[in-house]
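Visitor: I would like to learn how to read charge on a model such as this one. Could you show me the structure and take me through it?

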Amino acid sequence: MTIRSAAEFISLRDSEDPELYRRAAHDDAPIDVWRDLVDHYAGYRKWVAHNKTVPADILHVLATDEDQEVRFFVAMKRRLPLEILDTLSRDTDDGIRLRVARNKTTSQEILWRLAKDPSKSVRDAVHDRLEKHDRE
C-alpha cells in the first residue's frame, strides 16, 4: 500500500494497531509526502528514516539533521549510498560513526579513515571489519 499524506503516516505511526503501525515502517509514499514530513513534522523525522522505502534523497537530508537520534536512525539502515555513509562517517557523534563502521556497505576508503577515529569503539569496529575482510 502507499501512504498518501503526512497525516496518514502520522496516524499509522501513532496507531496502537500493530498492522497499521507496521505500515509506517514498510509502506512507500510519494516524495512530496516524505518532504512534507521532513519539513513540517520534526518529531517524525526519525520514523521517516526508519521506513524501509524512504528514498535516498530524503535520507541525504536526514543524514545532516540537527537531531542526533534522526542521524542515528539513518545510520542504522543497512543499504545506504556511499555519499550518505561518508557524511555520517564524519558525524560528531561517536555512536553514529560506530554504526557506519559496522555497516557492511561502508567502503574500504571510509573504513581506513575511521581506523584513525578518536573513538576507541569506532577504531575497534573498523579493525574487526578489516580483519574479517582479510580472512574472506
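Guide: Let us begin with the charges, where Lys and Arg count as positive and Asp and Glu as negative, with His and the chain ends left uncounted, and where each charge is placed at NZ of Lys, CZ of Arg, CG of Asp or CD of Glu. The chain has 24 positive and 27 negative side chains, and the centres of the two sets lie 5 Å apart. This is a predicted model, in which local features need pLDDT of at least 70 and side-chain atom pairs count only at pLDDT 80 or more, while totals for chains, interfaces and linings use all residues. Residues are numbered from 1 along each chain as its sequence is written, and side-chain values use heavy atoms, without hydrogens and water.

Visitor: Which residues form a positive surface patch?

Guide: A patch joins like charges within 9 Å, taking residues with over 30% relative accessible area and no salt bridge, that is, no side-chain nitrogen of Lys or Arg within 4 Å of a carboxyl oxygen of Asp or Glu; areas come from the Shrake-Rupley method with a 1.4 Å probe. Here K52, R78, R79, K104 and K132 form the patch.

Visitor: Where is the place of K104, and is K104 buried or exposed?

Guide: Buried means under 20% relative accessible area and exposed over 50%. K104 is exposed, at 70%, and sits in the loop between α8 (94-102) and α9 (108-114).

Visitor: How many helices and strands does the chain have?

Guide: Helices are DSSP runs of H or I with at least four residues, and strands are runs of E with at least two. The chain has 10 helices and 0 strands, and 43% of its 136 residues count as buried.

How values were computed. Buried means under 20% relative accessible area, exposed over 50%, partly exposed in between (1.4 Å probe, protein chains only). Patches are made of residues with over 30% relative accessible area and no salt bridge: like charges are joined within 9 Å, nonpolar side chains (Val, Leu, Ile, Met, Phe, Trp, Tyr) within 5 Å.
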